[in-house]
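User: Could you walk me through this model and explain the terms as we go? I'd like to see what stands behind each label.

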Amino acid sequence: MVDVTVMGAGAFGLSVAWACAKRGAKVRVIDPNGVGAGASGGLVGALAPHTPENWNVKKAFQFQSLIMAEGWWAEVEAAGGVSAGYGRTGRIQPIRDAHALTLAKARAESAKALWQGKALWEVVPQDSLGDWAPISPTGWLIHDTLTGRMFPRRACAALAAALRAKGAEITKEGRPQGKVVWATGYEGLLALSEEMGKAVGNGVKGQAALLRLDQSQAPQLFADAVHIVPHADGTVAIGSTSEREFDDATSTDAQLDEVLARAYAAVPALKDAEVIERWAGVRPRAKSRAPMLGEHPTRSGEFIANGGFKIGFGMGPKAGEVMADLVLESKDAVPDAFRPEASL
Ligand SMILES: Cc1cc2nc3c(=O)[nH]c(=O)nc-3n(C[C@H](O)[C@H](O)[C@H](O)COP(=O)(O)OP(=O)(O)OC[C@H]3O[C@@H](n4cnc5c(N)ncnc54)[C@H](O)[C@@H]3O)c2cc1C
């Protein structure tokens, strides 16, 4: 007898399934397209925090999730024997002018309290990083030690292996049994919009590229709004575009070339690296712009885990645990701003 059926085998569905399976629930995951077939099958994998200021529920939830990530991925890897490529390798950002420098220094102070001594946000001289430092007009950089990285499609495979090792079933077809969690990405948001007769969310396409360049232990960079993420396997991911209008969910085009050009301008060391993959996917964005977690608005015994938008992997561990609390133990620790009602 299955206790929980999760519809959708992306970052959110697999995280909820894993959190439930760890607690001893019998879990079935159903996805007609297989594991990591949606937005989660990509290659960027920045686990990067919001700025440490103007604290709110979303920032606090994300902070807890990022702090949980190291132990979470270690447990997943140990259970299933597949690496997610996780590493808390930190992040560097250039500082463009005197105003931004003042702000960065203020954030270094606020991080001390908000990040509870668990991670640092500091302002460091550019020459402390050699070739890998992005060009920074002020000569100063922000370095934070909270940011991590993992390789999204491998993280999905790692979660799937861990789930199978715990006896969960992952299938392309089957019948939902027990409690049902809908983690069906942007398609799920469109279906819910249709059901509710109003827009509760949509898809935002993103394109990204993978380069062959071994910087595996270097911090990731965020420069000119581009994520540059060194992976453990000797590749570097660069992303992403953000497109609300699109005809083809999986094609890449000149908009990705423009992202690459911005990355090359910020970090000339990237120019000589071979581009080995161009990829696109569609992020699930709830109307509230926050994750959508909680009971299904119309169906008893059914739940929604969606709206990961641009930080679905960063939110995954905490979202999974909160949903397992709700689904298995009727313990509702979902922030109000994250409930489906916030987008209805
Ligand atoms: C270019 C790009 C870069 C990104 N970079 C980052 C990043 O650096 N860091 C980060 O944290 N996040 C990032 N994201 C966002 C992250 O990928 C998403 O938030 C996350 O993948 C969403 O996971 P999900 O499980 O909700 O959706 P998805 O991964 O899309 O999974 C939904 C699944 O549901 C399945 N499905 C649909 N309908 C049904 C149905 N009726 N029944 C069963 N299954 C169904 C689909 O096949 C799909 O596999 C990025 C996204 C993109 C596109």
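User: What makes the backbone of Phe 313 a polar contact of the ligand?

Analyst: A polar contact is a pair of N or O atoms within 3.5 Å; within protein, one must be able to donate a hydrogen and the other to accept it, and residues adjacent in sequence count only if both atoms are side-chain atoms. A backbone N or O atom of Phe 313 is 3.0 Å from a ligand oxygen, so the pair falls within the 3.5 Å limit. Bear in mind that this is a predicted model, where local features need pLDDT of at least 70 and side-chain atom pairs count only at pLDDT 80 or more, while totals for chains, interfaces and linings use all residues. Residues are numbered from 1 along each chain as its sequence is written, and side-chain values use heavy atoms, with hydrogens and water left out.

User: Which polar backbone atom lies 3.0 Å from a ligand oxygen, and which one 3.1 Å?

Analyst: The 3.0 Å distance belongs to a polar backbone atom of Ala 39, and the 3.1 Å distance to one of Ala 11. The protein covers 91% of the 1,000 Å² of accessible area that the ligand has on its own (Shrake-Rupley method, 1.4 Å probe; for residues, only the protein chains shown count as cover).

User: Why is the pair of Phe 61 and Phe 338 called edge-to-face?

Analyst: Rings of Phe, Tyr and Trp (its six-membered ring) pair if their centres lie within 6.5 Å; planes under 30 degrees apart count as stacked, over 60 as edge-to-face and the rest as tilted. Here the centres are 4.9 Å apart and the planes stand at 70°, so Phe 61 and Phe 338 are edge-to-face. Phe 61 belongs to helix 2 (residues 57-80) and Phe 338 to the segment after helix 7, so the pair ties together parts 277 residues apart in sequence. Helices here are DSSP runs (H or I, at least four residues), numbered from the N terminus.

User: How do you know whether Phe 61 is buried or exposed?

Analyst: Buried means under 20% relative accessible area, exposed over 50%, partly exposed in between (1.4 Å probe, protein chains only). Phe 61 has 5%, so it is buried, and Phe 338, at 1%, counts as buried too.

User: What makes Lys 318 a charge over the ring of Phe 61?

Analyst: The rule asks for NZ of Lys or CZ of Arg within 6 Å of the ring centre and within 35 degrees of the ring normal. The charged end of Lys 318 sits over the Phe 61 ring, 5.7 Å from its centre.

Technical notes: Helix = DSSP H or I, 4+ residues; strand = E, 2+ residues; numbered from the N terminus.
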